[in-house]
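Subject: The structure for you to look at

Hi,

Here is the structure I promised to pass on. Have it open while you read, and I'll walk you through what turned up.

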Amino acid sequence: MNIEDTYKTIEGVSEGMFKDRGSKFISVAFPVTTEEEVKQRLDELRKKYHDARHHCYAYILDADKSVYRINDDGEPSGTAGRPIHGQLLSNDLTGVLIVVIRYFGGTKLGVSGLINAYRAAAKEAIESNKIITKTIHDVYGLNFKYEGMNDVMRIIKEEGLNIISQQFELQCSIEYSVRKKNADFAYERFSKIKDLRIKYLRTL
């Protein structure tokens with residue numbers, strides 16, 4: 001079974017700029033992991049650019065891109081958030097928020113002009129950044145008797161697992177992370193150890 005366990009995101013914060021007929025579009029791209037983080041970033045920008053007319057944005061979260069949102073912030077429907085979102089999709093990015101702040105220049109740009117401006121500003125912010133590939137890891141918890149220690153540690157070493165936390169007493173516990181595509185094989189090996197319980201905890 002071929003498990004896709006990598007995704008593309010951006011390395012850090014970056015900015016872009018696009019101007020058209022007096023209107024100025026300032027774009028900012030952030031790496032984000034939660035909707036709470038998105039809200040914090042939006043609040044920061046609204047304070048910093050409090051005199052701007054629009055703060056339009058789009059974001060995609062999670063490795064499977066299942067969480068996303070598009071916001072036109074008062075611009076005509078489909079002219080701002082959607083072209084920003086389109087740039088995230090065309091670069092195959094997730095874990096990214098792009099906000100485009102508009103200062104109105106007095107001349108209306110029309111639907112096609114707005115779409116082009118928001119797309120170009122978002123593109124500029126992405127191109128000013130560095131796209132990186134990250135690996136998805138699953139975290140598991142082990143509970144076992146002290147007598148099973150040697151078997152457990154051998155598997156951890158042979159499978160190259162990363163120990164997050166460990167507690168060794170009569171009843172031992174270990175929390176480890178493993179690359180998603182290798183998770184099932186490690187799980188099977190641990191399952192064969194007598195009196196050991198293994199449980200999936202979360203995904204990183």
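Let's start at a turn: in the hairpin of β4 and β5, with 5 residues between the strands, Asp-62 takes a positive phi near 75 degrees. Before we go on, please keep in mind that this is a predicted model.

**The hairpin and its neighbours**

β4 and β5 run antiparallel and are joined by 5 bridges. If you want to find that pairing on screen, look for Tyr-59, which stands opposite Arg-69 in β5. β4 also has a partner in β6: those two pair in the antiparallel sense over 7 bridges. There, Tyr-57 has Val-99 of β6 as its bridge partner.

How many residues of β4 are buried? The count is 8 of its 8 residues, so the strand is mostly covered, taking buried to mean under 20% relative accessible area. You can sort these residues by direction. His-54, Cys-56, Ala-58 and Ile-60 point one way, while His-55, Tyr-57, Tyr-59 and Leu-61 point the other way, and all are buried.

**Helix α2**

Next, have a look at α2, which spans residues 81–90. Its buried residues are Gly-81, Pro-83, Ile-84, His-85, Gln-87 and Leu-88. Try following them along the helix with this rule in mind: an α-helix has 3.6 residues a turn, so residues three or four places apart point the same way. What covers the buried residues of α2? The cover includes the strands β4, β5 and β6, along with the helix α3 (110–127). So β4 turns up again here, this time as part of the cover over α2.

**Two more positive phi angles**

Just after α2 comes Asp-92, with a positive phi of about 60 degrees, although this residue is not a glycine. Asp-92 lies in the loop between α2 and β6. Is Asp-92 buried or partly exposed? Asp-92 counts as partly exposed because its relative accessible area is 36%, and that class runs between the 20% and 50% cut-offs.

Arg-21 is another residue to click on. Its phi is positive, about 50 degrees, and Arg-21 is not a glycine either. You'll find Arg-21 in the loop between β2 (14–20) and β3 (23–31). With a relative accessible area of 47%, Arg-21 is partly exposed.

**Strand β8 and its two partners**

Now move along to β8 (residues 137–145), which pairs with β10 (residues 171–179) in the antiparallel sense over 9 bridges. Within that pairing, Val-139 stands opposite Ser-177. β8 is also joined to β11 (residues 197–203) by 6 bridges, and those two run antiparallel as well. For a landmark there, use Asn-143, which stands opposite Arg-197 in β11.

Asn-143 also helps you place Gln-167: the two are 24 residues apart along the chain, and their C-alpha atoms are separated by 9.6 Å. Gln-167 lies in β9 (residues 162–167). At 42% relative accessibility, Gln-167 counts as partly exposed. Which residues does Gln-167 contact, once its neighbours within four places in sequence are left aside? They are Cys-172 and Ser-173.

**Thr-133**

One more residue is worth a click: Thr-133, in β7 (residues 131–135). Why does Thr-133 count as exposed? Its relative accessible area is 54%, and the cut-off for exposed is over 50%. Leaving aside neighbours within four places in sequence, Thr-133 is in contact with Thr-6, Tyr-7 and Lys-8. Compare Thr-133 with Ala-58 from β4: they are 75 residues apart in sequence and 20 Å apart in space, C-alpha to C-alpha.

**Zooming out**

Now for the whole chain. There are 5 helices and 11 strands. A compact globule of 204 residues would have a radius of gyration near 17 Å, but this chain has 23 Å. Its C-alpha atoms fill a box of roughly 75 × 35 × 25 Å along the principal axes. Of the 204 residues, 41% count as buried. Among contacts with a separation of 6 or more, 71% come from residues 24 or more positions apart.

As for the surface, the chain exposes about 11400 Å², and carbon and sulfur atoms supply 46% of that. There are 31 positive and 29 negative side chains, and the centres of the two sets lie 3 Å apart.

Cheers

How values were computed. Residues are numbered from 1 along each chain as its sequence is written. This is a predicted model: local features need pLDDT of at least 70, side-chain atom pairs count only at pLDDT 80 or more; totals for chains, interfaces and linings use all residues. Side-chain values use heavy atoms; hydrogens and water are left out. Helices (H or I, at least four residues) and strands (E, at least two) are DSSP runs, numbered from the N terminus. The radius of gyration is taken over C-alpha atoms; the globule rule is 2.2 Å times the number of residues to the power 0.38. Buried means under 20% relative accessible area, exposed over 50%, partly exposed in between (1.4 Å probe, protein chains only). Contact means heavy atoms within 4.5 Å. Accessible areas come from the Shrake-Rupley method with a 1.4 Å probe; for residues, only the protein chains shown count as cover. Lys and Arg count as positive and Asp and Glu as negative; His and the chain ends are not counted. The place of a charge is taken as NZ of Lys, CZ of Arg, CG of Asp or CD of Glu. Two strands pair if DSSP finds at least two bridges between them.
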